[in-house]
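Dear colleague,

Here is the structure I promised to pass on. My notes on it follow below.

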Amino acid sequence: MQIKESAENYLETILVINSRKGYCRGIDICNEMGFSKPSVSVYLRNLRDDDYISVDDNGYVHLTDKGQEIAEKIYDRHNVIAGFLMQLGTSEETAYKDSCKIEHDISEESFQLIKEQYLKNLK
């Protein structure tokens with residue numbers, strides 16, 4: 001199943017916030033992504049309906065197994081691609097901005113080759 005780039009961004013953001021704070025709420029997503037509460041609320045409902053997240057009675061957002069898998073994949077791509085670009089001499093700021101654009105569209109084959117080269121260069 002093909003998931004939209006915006007959904008991948010939300011899932012990755014939830015993963016990062018949970019890792020950093022130990023929890024994630026809708027307002028945390030608003031603050032991180034710069035979106036309004038109503039926009040985030042609607043998108044979270046869609047992610048919940050598609051079984052990517054759950055929201056408990058206290059308003060804490062949790063990734064389902066399906067959502068966690070996608071979030072981890074995108075987060076890995078984000079970091080590997082940014083790291084690889086920095087190895088090539090790209091500034092950190094530009095590398096992370098470009099990584100955000102590339103991570104959603106790159107083929108698995110190309111990503112694996114970049115990752116292999118990136119890891120090889122770390123040694």
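D51, just after α3, takes a positive phi of about 65°. This is a predicted model: local features need pLDDT of at least 70, side-chain atom pairs count only at pLDDT 80 or more, and totals for chains, interfaces and linings use all residues. Residues are numbered from 1 along each chain as its sequence is written, and side-chain values use heavy atoms, with hydrogens and water left out.

Helix α3 spans residues 37–49 (helices are DSSP runs of H or I, at least four residues; strands are runs of E, at least two; both are numbered from the N terminus). Its buried residues are V40, Y43, L44 and L47 (buried is under 20% relative accessible area, exposed over 50%, partly exposed in between, with a 1.4 Å probe and protein chains only). They fall within an arc of 105° seen down the axis, so they line one face of the helix (the arc is that of the directions from the helix axis to the C-beta atoms). P38 and D49 are exposed on the face turned away from that buried side.

Now the aromatics. Rings of Phe, Tyr and Trp (its six-membered ring) pair if their centres lie within 6.5 Å; planes under 30 degrees apart are stacked, over 60 edge-to-face, the rest tilted. The count comes to three pairs. Y10 and F35 form a tilted one, 6.0 Å centre to centre with 35° between the planes. Y10 lies in α1 and F35 in the loop between α2 and α3, so the pair ties together parts 25 residues apart in sequence. Y10 is buried at 4%; F35 is partly exposed at 39%. Y10, F35 and Y43 form one aromatic cluster.

Best wishes

Conventions: The expected span of a helix is 1.5 Å times one less than its number of residues.
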